[in-house]
Amino acid sequence: MTPIDRTIPNGIDLASFPFQPAASPDRYLVWYGRIVVEKGLHLAIDAARVAGYPLRIAGPISDPDYYAAEILPRLGADVTHVGHLEHAALGALVGGASAFLCTPRWEEPFGLVVAEALASGTPVAAFARGAIPALLDESCGTLARADDVASLADAARRAVLIDRRACRLRAEAICDADVMIDRYADLYEEMIQPTRHAARGRASDYPITLAGAA
């Protein structure tokens, strides 16, 4: 197997999630995405309650059986599903949150929702799975043990104290689509340098694997 020389993270259009310098005075947490078992929404609900924060949920019900069995019984005055929102309303909801809970139950290779939350200025409390530990640092998020409600609740309490401007700066540094494009352009430039081509032989012999995550 050819070793991976580097990883180029996916990027998003940061303008689609404008920075919101202050959270809503309602002080709520947010979870959004497809409502399916592998996204772990039921764990986010339980963690929000342990942390003492209301939770607002947005996203399509992609697994009705899971929703009926695990989510619907957990809804209440402090946990509301606001539906599958159009983009502007979703951006306002995410940007107004004190923190975003990210609860994957598998090794996600990137996590666009993390990038979107950071672009909005919203700190992230997440299970330490897949690529998430590479996206978050102490300036913009907190990590919890996978599938551990108490650990996630503690991470949420710490996340709400994080500076929102630092979250946006992190998004600009590693999640910007323009930065992603520049990194690919730099990589391609390295690969086509005549001196490198002569030294390495055929293009198929290059030990560089493009690993932009999906």
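This is a short tour of a sheet and the helices around it, in a model that is predicted.

**The whole sheet**

Start by selecting the six strands of the open sheet, which lie in the order S3-S2-S1-S4-S5-S6 and pair in parallel. Strand S3 (79-81) and S6 are the edge strands; each has a single partner strand, so one side of each is left without a neighbour in the sheet. On average, neighbouring strands of this sheet are turned by 20° against each other, direction ignored.

**The S3 edge**

Next, select strand S2 (residues 55-58) together with S3. Three bridges link this parallel pair. Leucine 55 has valine 79 in S3 as its bridge partner. Now add helix H1 (residues 41-51), which packs on the sheet and touches strand S1 (29-32), S2, S3, S4 and S5. The direction of H1 makes about 160° with that of S2.

**Strand S5**

Move to strand S5 (residues 124-127) and show its side chains. In a regular strand the side chains alternate between the two faces of the sheet. Are the residues on the two faces of S5 buried or exposed? Val124 and Ala126 lie on one side, Ala125 and Phe127 on the other, and all are buried, with both faces of the strand covered.

Keep S5 and add the strands on either side of S5 in the sheet order. Strand S4 (residues 99-102) runs parallel to S5 and is joined to S5 by three bridges. Here leucine 101 is paired with alanine 125 of S5. Strand S6 (residues 141-144) is also parallel to S5, and this pairing has four bridges. Look for phenylalanine 127, which stands opposite alanine 144 in S6.

**From S4 over H4 to S5**

Select helix H4 (residues 112-120) along with S4 and S5. What kind of unit do S4, H4 and S5 make? They form a β-α-β unit that is right-handed.

**H4 and H7**

Hide the strands and add helix H7 (residues 164-174). The axes of H4 and H7 come within 6 Å and cross at roughly 130°. That angle is why H4 counts as oblique to H7. The crossing of H4 past H7 is left-handed. To see the contact, display Ala115, Leu118, Ala119 and Ser120 in H4, which meet Arg164, Cys167, Arg168, Arg170 and Ala171 in H7.

**The S6 edge**

Finish by bringing back the sheet and selecting helix H6 (residues 149-159). Which strands does H6 lie across? H6 lies across S1, S4, S5 and S6, and runs at about 170° to S6.

Terms used:
Residues numbered from 1 in each chain as written. Predicted model: local features only at pLDDT ≥ 70, side-chain atom pairs only at ≥ 80, totals over all residues. Heavy atoms only, no water. Buried < 20%, exposed > 50% of the residue type's maximum accessible area, 1.4 Å probe, protein only. Pairing = 2+ DSSP bridges. Right-handed = clockwise from strand over helix to strand, strands pointing away. Axes fitted to C-alpha atoms, helices over the stretch in contact; angles between N-to-C directions. Parallel < 35°, antiparallel > 145°, perpendicular 65-115°, else oblique. Left-handed = near helix turned anticlockwise from the far one by under 90°. Contact = heavy atoms within 4.5 Å.
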